[in-house]
Amino acid sequence: MKKSIGITPNIETLFGTRDENLRVLEDGLNITINLRSNGIELEGAARDVARAEQVFADYESLQRSGYSFNNGDLNSMLRVLAADPNATLRGLADAGRQRSFGRRTVQPKSINQRRYLEAIEKHDMVFGIGPAGTGKTYLAVAMAISALLAKRVNRIILARPAVEAGERLGFLPGTLQDKIDPYLRPLYDALYDMLEPEKVDRYLEKNVIEIAPIAFMRGRTLNDSFVILDEAQNTTSEQMKMFVTRLGFNSKAVITGDVTQIDLPNARRSGLLEASDVLKRVDGLAFVHFDEADVVRHHLVQRIIRAYDEHKTRIAEQQLLLLSEGKAAESRATDASEPQQDLNEKAPRQERAVSAEAKG
């Protein structure tokens, strides 16, 4: 099917740098877009062409209403739209406008990021599990700030296990807060990125925003709060159970972690892994899993994560092969020993028979 649509003022801003947005639409919707002197020609299946036409119409309508797309947001929206057949450009833009993230406009850059934000809105407890760079912590902090600014909660509590590779907190210089701060730096970074520094400092001073190690959560009931547990893969089973039972009235909790980067001693099982098994059927909470396709850092990070996953798969296959070969060798050894065992059993019988004949 072919469909021609007219060229409207400033429609070229939809195309993106070197027409990269058009390529996202072509690849995602399986259509061809040709620019003509008198219009834009869309070619493909009727349903896909209709979706592309709706994108152009929504973009024109949003422009007329004064909506401005920040750097990279439009490309991210188009990627989400291509991955989700039920998404529309206007719907994604309106969802972003409904959330106030301070001085930042935060748009999901993948279908899983969109599911993550929707899950946080709909559920009181959400687990975000996936590799580094997928936006788990950043988006959780953004949703916490949105809830605080909209007065849906009275405070934000950000917690993290103080687990380190190779060093102990006691050996670091300074006060307890000085020792802890380096492990909580990613949470500070997200806050200062979305709010004015003066506002962040004021919130921290008044404990409207509290940042602390998970050990400080013990014995508390957290009401009217948005609670985030970051790096949850480094919690023990006891710490995780303690944290998920702190939730009070009118509160939300988001637990984030990467199960491929566990720094706990081998003898102790990650509380996040256990929670994934124990809580997966509990009503009222949600699990959102990310993969390398959701990485929003340098494109090289995606390839690095994929390489580690492939390496892990190869190691697992080699271990299974060695295990099967070991069982096969053990089986052959058992089979080879059975005839000898029969001879050993027959020998005493023969000796007894000879002895009986001698006595006779």
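1. A quick word on confidence to start: pLDDT is the predictor's confidence in each residue, on a scale from 0 to 100. The structure you have here is a predicted model, and the protein averages a pLDDT of 81, with 82% of the residues scoring at least 70.

2. Where does confidence sit lowest and highest in the protein? Helix α11 (residues 299-359) is at the bottom with a mean of 68, while strand β4 (residues 125-129) is at the top with 96. As a friendly reminder, where pLDDT is low, the predicted coordinates should not be read in detail.

3. Next, the sheet at the start of the numbering. Three strands form an open sheet in the order β1-β3-β2, and their pairing is antiparallel. β1 (2-5) and β2 (32-36) are the edge strands, each pairing on one side only. On average, neighbouring strands of this sheet are turned by 20° against each other, direction ignored.

4. Looking at one pair in that sheet, β1 and β3 (residues 39-43) run antiparallel and are joined by four bridges. Isoleucine 5 has isoleucine 40 of β3 standing opposite. Helix α2 (residues 46-64) packs on the sheet and touches both β1 and β3. The direction of α2 makes about 150° with that of β3.

5. Finally, have a look at helix α9 (residues 237-244). Which of its residues are buried? They are Met240, Met242, Phe243 and Val244. These buried residues pack against three strands and a helix: β4, β7 (225-229), β8 (252-257) and α10 (271-278). One of these partners, β4, is also the element where confidence is highest.

Terms used: Residues numbered from 1 in each chain as written. Predicted model: local features only at pLDDT ≥ 70, side-chain atom pairs only at ≥ 80, totals over all residues. Heavy atoms only, no water. Pairing = 2+ DSSP bridges. Helix = DSSP H or I, 4+ residues; strand = E, 2+ residues; numbered from the N terminus. Axes fitted to C-alpha atoms, helices over the stretch in contact; angles between N-to-C directions. Contact = heavy atoms within 4.5 Å. Buried < 20%, exposed > 50% of the residue type's maximum accessible area, 1.4 Å probe, protein only.
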